[in-house]
Amino acid sequence: MVRRPVAWVVAVVLFGEAFGIAGLNWFLGVVVDRQDMSLAGLDPHMMSVSSKIGGVAFGLYFALCGLVALLVALRNRPPAGLGRVLLISAAVVHGLLGAFTWGLVGWPAFLFMMLVLGLIVLLLMTYDRVAEPVTAPPAPTTP
């Protein structure tokens, strides 16, 4: 009953995060490029390009995880194979990001990361496969 709405919410949140992460890293790359300052002798253009590439790659990762959640919502079937691995890795990433944001950004960002972590875990747990009931073999008949 709660499975499909949770999958829809997870898909929307992960797509939002994908665009947010990609946009934030792109913006940071532009800022580094316009400052034209070196950090410990590193090339500013290289730092700018690597920030943009990293943001796009991380955004594509979250978008792929969001696509898995969207397919789960549309099909109403549990994620399997690579999709399940992607959602588990997204949960681990959100746990790590939550730990980092507690110290660097503050508790509101930590709460958001833990909320997304909880939603992904809820998605994985509500679609957990139910084992088939084991039936006893039929009793042998005597002639």
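This passage walks through helix α3 and its surroundings in a predicted model.

Start with the helix itself. Helix α3 covers residues 82–104, 23 residues in total. At 1.5 Å a residue, a run of that length should span 33 Å, and the C-alpha atoms at its ends sit 32 Å apart, so the two figures agree. Just before the helix, in the loop between α2 and α3, comes Asn76. Its phi is positive, about 55°, even though Asn76 is not a glycine. For context, most residues other than glycine have a negative phi. Asn76 has a relative accessible area of 33%, so it counts as partly exposed. After the helix there is another positive phi, this one at Gly106, where the angle is near 130°.

One set of α3 residues is tucked away from the surface. The buried ones are Gly83, Leu86, Leu87, Ala90, Ala91, Val93, His94, Gly98 and Thr101. Their cover includes α1 (3–35), α2 (44–75) and α4 (107–126). A bit of helix geometry helps in reading such a list: an α-helix has 3.6 residues a turn, so residues three or four places apart point the same way.

His94 deserves a closer look. This histidine belongs to helix α3, and its relative accessibility is 0%, so it counts as buried. What does the side chain of His94 pair up with through polar atoms? One partner is Glu17, whose side chain makes a polar contact of 2.7 Å with that of His94. There is also the backbone oxygen of Ala90, which lies 2.8 Å from a polar atom of the His94 side chain. Leaving aside residues up to four places away in sequence, His94 touches Leu14, Glu17, Phe62, Met113, Met114, Val116, Leu117 and Ile120. Glu17, then, turns up both as a polar partner and in the contact list.

Now for the surface. Ile88, Val92, Leu96, Phe100, Leu104 and Val105 make a nonpolar surface patch of about 650 Å². Leu96, one of the patch residues, is part of helix α3.

Gly103 is also in helix α3. Is Gly103 buried or exposed? Its relative accessibility is 62%, so Gly103 counts as exposed. As for its position relative to Arg34, the two residues are 69 residues apart along the chain, and their C-alpha atoms are separated by 28 Å.

Put together, helix α3 contains a buried His94 with 0% relative accessibility as well as an exposed Gly103 at 62%.

Methods: Residues numbered from 1 in each chain as written. Predicted model: local features only at pLDDT ≥ 70, side-chain atom pairs only at ≥ 80, totals over all residues. Heavy atoms only, no water. Helix = DSSP H or I, 4+ residues; strand = E, 2+ residues; numbered from the N terminus. Expected span 1.5 Å × (residues − 1). Buried < 20%, exposed > 50% of the residue type's maximum accessible area, 1.4 Å probe, protein only. Contact = heavy atoms within 4.5 Å. Polar contact = N/O pair within 3.5 Å; in protein donor to acceptor, adjacent residues only side chain to side chain. Patch = residues over 30% accessible without salt bridge, like charges linked within 9 Å, V, L, I, M, F, W, Y side chains within 5 Å. Areas by Shrake-Rupley, 256 points an atom, 1.4 Å probe, with all protein chains shown as cover. Salt bridge = Lys/Arg side-chain N within 4 Å of Asp/Glu carboxyl O.
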